[in-house]
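User: Please go through the chain shown below and answer some questions on its helices, strands and cores.

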Amino acid sequence: MASFVTEVLASSGKLEKEDLSGKICKLSRKVQDTKVEVCDFMKGKYKDFLPNLQDSEELMEQVGELSRELDTLKNCIDTEVKQSVHTSVTEYADLKQQLEKNTVLITLLGHLKEFHTAMDKFTDALTAMKYVEAAEQLKKARDSMAFLKRWKDAQLPLLAVLNSELNIQRENLLYHLGLEWNRLVVWTLPTPPKVKGISQTHDAQPEDKSRLHAVLQALALHGELQFRLKLFSQALLKYILRPLVVYPCLSVYVTRQEGDGLVLALQRDEHQSSDTPSPALVYGRLQPVLKTLHSHLLHVSVGNQKLSSVLGDLIWEELSNCIIHDCLQHSIPSNSSQLDQLLPVSNITENEFLREDHTDLHKYVQNINCHFASKKCRDVIVAARKLMTSKMHNTVKICPETKLLLPKLPGPGGDVKKQSAVKAEPGMVNAKQLSSSSMALPACRISESVQQLMGLALDTLTEARTAPPSGNLFFTVRNIFQLYYDVVPTYHRENLLKFPHLAAIQHNNCMYLAHHLLTLGHHFSARLPQMRSEGVGTFVDMVPSFRKLGVQCFLDQLNVQRTELLDRLSTAHNLCNLDDEVNYTAASKAVRQVGLFCRLYTVWQDVLPVSIYCKAMGTLLNTAIAEITAKIMALEDISSEEGEHLHTLCQTLLQDAPRVFTPLTEEKKNLKYQEEVALYVKKWGMFKELAVVLKANLQEIVDRWADGKGPLAVEFSGSEVKSLVRALFQNTERRAVALTKIK
C-alpha cells in the first residue's frame, strides 16, 4: 500500500514538472518573439519614423499579457520549490535560471514601455506649453534610459537610437524654455551714442507669472536653472546693481507699462552731484531693485530653497565687495561721532537675498570702528607727510606767551568741574612757585607746516579719547613724530645745507616739537589708560632725539658757513707783503668780505632765539678772527708800512663786527648785544690787543704787558708777544731791553 502511494505521488510530481518545463519553454519563445517585435517597433518609430499607432498598442498589450503569465508561472515555481526544497534543488536550478533571464527581458520590455509612454506624454505636454509636466515626463524617460543602460547583459542595439532621441527632445525642451525666458525677461541696453540714457530690465506681465514660474521650475528639473540665473546675475550686477553703487547720478524707476509688463529702469539725473554716493543713498536705490526681483521673479521655491536665495549666493560676494570698496570705504567719516550715521546693512537683507551675518558686508559694518581707526590713521599719516614735504620757509612767530590749545579733559575719576573744585591741603602748598616763563619757549620763528603738524597730532589724540581702538590712534601720533624725524632731514637735506635760513627754521622746528613732547603725553595719559599701562603713554623718550636732530642740522650749516668763510680769507695771501699794492688790495677785500659775509646772516634775524643767534654769529666771527690772528702771528717780519696796513684791517673788522649782532628787528634793542661782543666771540679780546700792538711802540707794548699782569698778558703768552716784537721792530738795544722785560 505504501509503495503504491509513493508511486502515485512520484508520477504526479513528474507530470507537473514536465508541464512546468513545457510552459517555461513556451513562455521563453513568446518572450523572444515579443522582444523582436518591440525592438522592431521602437526602431521603426524612433529611427525610421513609421506610423504604427495600432501596432504599438497591440505590442503593449502583448507585453502586459506576457508579464502576467510570467508572474503566474513564477508563483507556481516558487510554491513547488518551497514544497520540494530538499529534494528538487538541482532539478529546479536550470528552470530558475531560465526564468530569471526571462524576468530580466520582461523588465527591460517594461522600461521600454515606460520610456515610450513618457515620450508620448512629453510631446503632448510640450505642445500644450505645460512645461513642468513636460520636464517631469522627460525626466521619467531619462530614468528609464538610465535603467536600461545599467543592464550589461542586455545590450540592445536600439539603446543608442533611444538615447539620441532623448537628447534631441531635451534640447528641444530647453530651446522652448529659453524662448519663454527671453520673452518674459527682457534686457534693453542703450546704444553707444546714448550711453547716458536708460539701462533697464522688463519683468513679465502679471498674467504671465504662472508661465514664468513654470519655466523656472522646468529649468530646475533639468539642472539648467543655475546656469540661467548665473547669466542673469552677471547682467544684473553689470548693468543695474554696480552702476547704482558707483554712479551717484543714476536713479532707479519701477513702472508698469501696457504690453511690457513691469519695467525696471535706470535713468541719469543731471542735477545730481558727481561725488561718491552715501550709504543711505546706495541702500535706498538697491532696495526697490531687490524688492521688485523678489516680488515678481524670484519668490518661487525650487526644492527647499527659494530662487532669491540662489541668486543671493551668486551676486552677494561681488556686490558686497562693490559696496565696501566703492561706497563704504569712501563714506567712513573723519570724526568718530558721525559713525552712527551709517545705515545698517539690515535694510538691504529684508528680501531673503542675503544670509545674515555670513557676508563680508556684515563683517565690514560690524568692524566699522576698526575700519574708522584704520582710515583715520591712514589719513593722518598722509596729511602729516604732506605737511612734512611742504615748503619750510612759510613761518609763524612763536612767543613765550604762545601756548597750545589743549582740550579740557576730564580725569579718570570725574569731570572737569569736579576736579577744579578739589583744593589742595594747606600743608602741601609750596610757598615758592616757578615763574610762568620757566617752561616757555623763547621767541623764534617756526614753519607754519610744523604748527599745523602739532595741531594734527592734538586733534588725533583728542579723537583717541572717544574712538574705541584708541591705541591705534595713539601710536599713529607717535608714528607722525617718528616720520618727521626720518623724512624731513632726508627730504630737505640739500636745501638745509644750501640755505642758512631753512637750517635755522629746522632747528627751531625740532626744538618746538621737543618742547611740546615733554608734556603732550601727560595731558592725555589720564584718558588713555591702556597706553599708560603699557608704559608708552608719553612722548618724553622722543625729546632727546628731536633736540639732537635740531642741533645737528644747525651745526652742519655752521660748518658749511665756516668753510666758506675760511675760503674767503684764503684769498688774503696770508696777509704777507702788504706793502705791495696788489697784496694789500686782496687782503683788504678779504677782510671786508668777512664783514659783508657776516651781514648776510640777517636772514637769521628774528628767526633764531636771541641766545642761539648770538652764539652762532659769535662762533663764525670768532673763526674769522682766529684765522686772521693766526696769520698775523705767523709773520716773521712786518715792516712799518705793513704794520699800518694790518692795523687798518684789524680796525675795520673791529668796527664792522659788532654790527652783525642784530638778533632783533628793533635797532635800539640790539645795542645791548652789540656791547656784549666779548661774551660771544672768544678771541675778541686777543684781537683787540693785537690791533693795539700793531700800532704801538716798544714802550707801549711793555706797559701793556706790565710784568705779566697787563691786558696784553691776559690774551697772549710771553713767547707770542716776543715773536710779535721781533717781527715788528728791528734788532736794536731798545728791542733787546723790551724783550727782557717780557717774560
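**Strand pairing and helix geometry**

Analyst: E7 and strand E8 (residues 444-447) pair in the antiparallel sense over four bridges; two strands pair if DSSP finds at least two bridges between them. This is a predicted model, in which local features need pLDDT of at least 70 and side-chain atom pairs count only at pLDDT 80 or more, while totals for chains, interfaces and linings use all residues. Residues are numbered from 1 along each chain as its sequence is written, and side-chain values use heavy atoms, with hydrogens and water left out.

User: Which residue in E8 stands opposite Ile398?

Analyst: Strand E7 covers residues 395-398, and its side chains alternate. Thr395 and Lys397 point to one face and are not buried, whereas Val396 and Ile398 point to the other and are buried, buried meaning under 20% relative accessible area with a 1.4 Å probe, protein chains only. The residue opposite Ile398 is Cys444.

User: How far apart are the end C-alpha atoms of helix H7?

Analyst: Helices are DSSP runs of H or I with at least four residues, and strands are E runs of at least two, numbered from the N terminus. The expected span of a helix is 1.5 Å times one less than its number of residues. For the 22 residues of H7 (residues 225-246) that gives 32 Å, which agrees with the end C-alpha distance of 29 Å.

User: Where does H7 bend?

Analyst: The bend at a residue is the angle between axes fitted to the seven residues ending there and the seven starting there. In H7 the bend is about 45°, and its position is Leu237.

User: Which residues have the most contacts inside the largest nonpolar core?

Analyst: A nonpolar core is a set of buried Ala, Val, Leu, Ile, Met, Phe, Trp, Tyr and Cys residues joined through side-chain atoms within 4.5 Å. The largest has 82 residues, and its largest share, 13 residues, comes from helix H3 (residues 89-127). Leu241, a buried residue of H7, touches Leu286, Val289, Ile315 and Leu319, among others, where contact means heavy atoms within 4.5 Å. The residues with the most contacts inside this core are Leu173 and Leu241.

User: Is Arg704 buried, partly exposed or exposed?

Analyst: Arg704 is found in helix H25 (residues 698-705) and touches residues including Glu689, Val692 and Leu712. Exposed means over 50% relative accessible area, and partly exposed lies between that and the buried limit of under 20%. Because its relative accessibility is 27%, Arg704 counts as partly exposed.

Notes. Lists of a residue's contacts leave out its neighbours within four places in sequence.
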